[in-house]
Amino acid sequence: MEKLNLEIKEVMDKLDLEITDCQLLRNQKWDIIEKLLSRVEKLKSQYDNVKKRNNNMKKKIIELEKESELYKDYCRNITHVKWSD
């Protein structure tokens, strides 16, 4: 009977250790998930900022191209300036 009790205690101790290990692994898993989520949010924010800047730059380029065309047209149509040969 005593031997059986000892075996039961050993099995219970082993199960307790396994449960503790599982809890530690679960906690580690959640820590990693939280870190990854935080990183994803940070990257998403950076992406949004870069996307806004890119769109602003595209608009600026379009504006500058239009302005350049106006200057080209103006220069082509200048008749009041005497060009030297």
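**Exercise 1. How many residues apart are Lys-72 and Glu-69, and in which helix do both lie?**

Before starting, note that this is a predicted model, in which local features need pLDDT of at least 70, side-chain atom pairs count only at pLDDT 80 or more, and totals for chains, interfaces and linings use all residues. Residues are numbered from 1 along each chain as its sequence is written, and side-chain values use heavy atoms, with hydrogens and water left out.

Step 1. Place the pair: Lys-72 and Glu-69 both belong to helix 1 and sit three residues apart, about one turn of the helix. Helices here are DSSP runs (H or I, at least four residues), as strands are (E, at least two), numbered from the N terminus.

Step 2. Check the contact. Side chains of opposite charge can pair when their charged atoms come close. A salt bridge requires a side-chain nitrogen of Lys or Arg within 4 Å of a carboxyl oxygen of Asp or Glu. Lys-72 and Glu-69 meet this rule, with their closest N and O atoms 3.6 Å apart. The count by this rule comes to one salt bridge.

Step 3. Look at the cover. Buried means under 20% relative accessible area, exposed over 50%, and partly exposed in between (1.4 Å probe, protein chains only). Lys-72, at 41% relative accessibility, is therefore partly exposed, and Glu-69 is partly exposed too, at 39%.

**Exercise 2. Describe the overall form of the chain.**

Step 1. Count the elements: the chain has one helix and zero strands.

Step 2. Compare with a globule. The radius of gyration is 36 Å, well over the 12 Å that the globule rule gives for 85 residues, so the chain is more spread out than a compact globule. (The radius is taken over C-alpha atoms; the rule is 2.2 Å times the number of residues to the power 0.38.)

Step 3. Add the dimensions: along its principal axes, the C-alpha trace spans about 120 × 20 × 10 Å. As a check on distance, the C-alpha atoms of Lys-14 and Asp-73, 59 residues apart along the chain, are separated by 87 Å.

Step 4. Consider burial: 1% of the 85 residues count as buried.

**Exercise 3. Which residues make the nonpolar surface patch, and how is Ile-8 placed?**

Step 1. Set the rule. Patches are made of residues with over 30% relative accessible area and no salt bridge; like charges are joined within 9 Å, and nonpolar side chains (Val, Leu, Ile, Met, Phe, Trp, Tyr) within 5 Å. Accessible areas come from the Shrake-Rupley method with a 1.4 Å probe; for residues, only the protein chains shown count as cover.

Step 2. List the members: Met-1, Leu-4, Ile-8, Val-11, Met-12, Leu-15 and Ile-19 make a patch of about 700 Å².

Step 3. Inspect one member. Ile-8 lies in helix 1 (residues 2-76), and Ile-8 is partly exposed at a relative accessible area of 44%.
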